[in-house]
Amino acid sequence: MKARFLCKVKLQLMMFFILMAFVIPSVAFATEPEKRAGSPPYSGILSTIIAEKESGTPQKSSILRQGYTEAEYQAFLEYRLLKVGCKGEDVVRLKARMYELGYFKNKTNNDTYTETTAEYVNEFLRTNGYSSPNGTMTPEQQLLFYSKFAITKQTPKVYERYSYKDIARNANSYIGLLCKFTTRVVQQIDIPGSSDIELLLVMNGNTEQLLYGYVEGFKDWKWGGSLKETGVARLLVNDKIEIECELLGEYTFQSTDGKWYTVPLVSIDNMTLYD
């Protein structure tokens with residue numbers, strides 16, 4: 001009886017040690033601290049790249065599929081966060097690029113990221129779609145900054161009033177001229193499957209003084225004043241509008257009564273509807 005009891009105890013101890021051999025590694029694995037991608041945590045493209053590097057299987061597709069080159073990807077991996085107080089060749093390069101894009105008026109070799117630098121960086125970022133820049137330039141932002149996708153400094157357009165007769169006599173010699181006219185609508189022509197429209201306009205109530213206008217994305221325009229809430233999908237005959245436009249040259253068309261007209265053609269950038 002005693003021998004049988006001892007044999008039973010030995011068997012239970014063997015089972016216990018076998019079980020512990022599997023349980024202990026499992027417990028140790030489960031309590032291992034979770035690995036995180038970067039410290040502090042990153043977001044967007046950068047977090048993807050860091051996570052891929054830590055996983056041991058780096059993938060470039062998260063950047064390359066957006067149109068960036070292999071060289072731009074490799075450069076991106078070396079970028080650091082630039083902020084006020086930073087010094088170095090990368091700051092000199094940043095300022096040279098700022099001049100190239102039109103944000104700096106003068107070239108400089110100064111290697112210090114100053115408060116003034118931060119102001120220009122904010123201007124660049126706002127122009128390129130960042131709503132709340134904070135004066136720093138992240139690696140993600142530098143990827144855009146040094147690429148072909150960076151938007152240059154926008155110079156405000158200045159539209160001026162010109163004599164219709166002077167322009168109409170030789171519209172092709174005024175191509176690119178920025179003009180301002182007060183006109184009335186003769187007809188709106190919708191372009192099938194598009195939010196763009198074309199407009200036949202009359203100057204000064206004189207049916208012999210016509211403009212032909214092209215308006216990109218008219219049906220998606222955001223209107224102000226009393227039109228802000230409802231918007232405008234269609235202009236009506238005899239609506240009075242002031243337009244700011246770029247002259248594209250001459251345009252010849254045939255009216256519904258069979259007459260042919262050659263008139264100035266304009267691309268309309270801004271419009272005020274007198275409602």
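Okay, before I get going, one definition: two strands pair if DSSP finds at least two bridges between them. With that in hand, here's one spot to find on screen: Q188, in strand β1, stands opposite L199 in β2. And keep in mind throughout that we're looking at a predicted model.

Let me zoom out for a second. The chain has eight helices and five strands. What order do the elements come in from the N terminus? They run α-α-α-α-α-α-α-α-β-β-β-β-β. Of the 275 residues, 34% count as buried. If you like contact maps, here's one number: among contacts with a separation of 6 or more, 51% come from residues 24 or more positions apart.

Right, strands. What do the five strands build? They make a closed barrel, going round as β1-β2-β3-β5-β4, with mixed pairing. On average, neighbouring strands in this sheet are turned by 50 degrees against each other, ignoring direction.

Let's walk along part of that barrel, starting from β1, which is residues 178-190. On one side, β1 runs antiparallel to β2, residues 197-203, and seven bridges join the two. We've already met Q188 opposite L199. Just along from there, I189 has E198 in β2 as its bridge partner, and R184 is bridged to V202 in β2. These two strands make a hairpin with six residues between them, and in that turn G193 has a positive phi of about 70 degrees. On the other side, β1 pairs with β4, again in the antiparallel sense and over seven bridges. A position to click on there is T183, which stands opposite I241 in β4.

Now β2. Is it mostly covered or mostly open? Mostly covered: six of its seven residues are buried. Besides β1, β2 has β3 as a partner, antiparallel over seven bridges. L199 turns up again here, with G213 as its bridge partner in β3. So what links β2 and β3 is a hairpin too, this time with two residues between the strands. N204 sits in that turn, with a positive phi of about 55 degrees.

On to the rings. How many aromatic pairs does a search of the whole structure find? Ten. One of them is F145 with Y146, an edge-to-face pair, 4.8 Å centre to centre and 70 degrees between the planes. Both of those residues are buried. Another pair is Y212 and Y251: their planes sit at 45 degrees, with the centres 4.5 Å apart, so this one is tilted. That pair connects distant parts of the chain, with Y212 in β3 (residues 206-215) and Y251 in β4 (residues 240-254), 39 residues apart.

Which of those two tyrosines is buried, and which is partly exposed? The cut-off for buried is under 20% relative accessible area. Y212 is at 8%, so it counts as buried. Y251 comes out at 28%, so it counts as partly exposed.

Back to F145 and Y146, since they have company: together with Y79, Y103 and F124 they form one aromatic cluster. There's a charge on top as well, with R93 lying over the face of Y146 at 3.7 Å from the ring centre. Elsewhere, K240 lies over the face of Y274, at 5.0 Å from the ring centre.

Last stop is another arginine, R97, in helix α5, which covers residues 89-101. Is R97 buried or exposed? Its relative accessible area is 11%, so R97 is buried. What does its side chain find for a polar contact? The side chain of E100, at 2.6 Å. And which residues does R97 touch, once you leave aside neighbours within four places in sequence? F145, Y146, S147 and A150. So in one view you can put up R97 in contact with F145 and Y146, and R93 over the face of Y146.

To recap the two places I'd show on screen: the closed barrel of five strands, and the aromatic cluster of Y79, Y103, F124, F145 and Y146.

Terms used: Residues numbered from 1 in each chain as written. Predicted model: local features only at pLDDT ≥ 70, side-chain atom pairs only at ≥ 80, totals over all residues. Heavy atoms only, no water. Phe/Tyr/Trp six-rings, centres within 6.5 Å; stacked < 30°, edge-to-face > 60°. Buried < 20%, exposed > 50% of the residue type's maximum accessible area, 1.4 Å probe, protein only. Helix = DSSP H or I, 4+ residues; strand = E, 2+ residues; numbered from the N terminus. Lys NZ or Arg CZ within 6 Å of the ring centre and 35° of its normal. Axes fitted to C-alpha atoms, helices over the stretch in contact; angles between N-to-C directions. Polar contact = N/O pair within 3.5 Å; in protein donor to acceptor, adjacent residues only side chain to side chain. Contact = heavy atoms within 4.5 Å.
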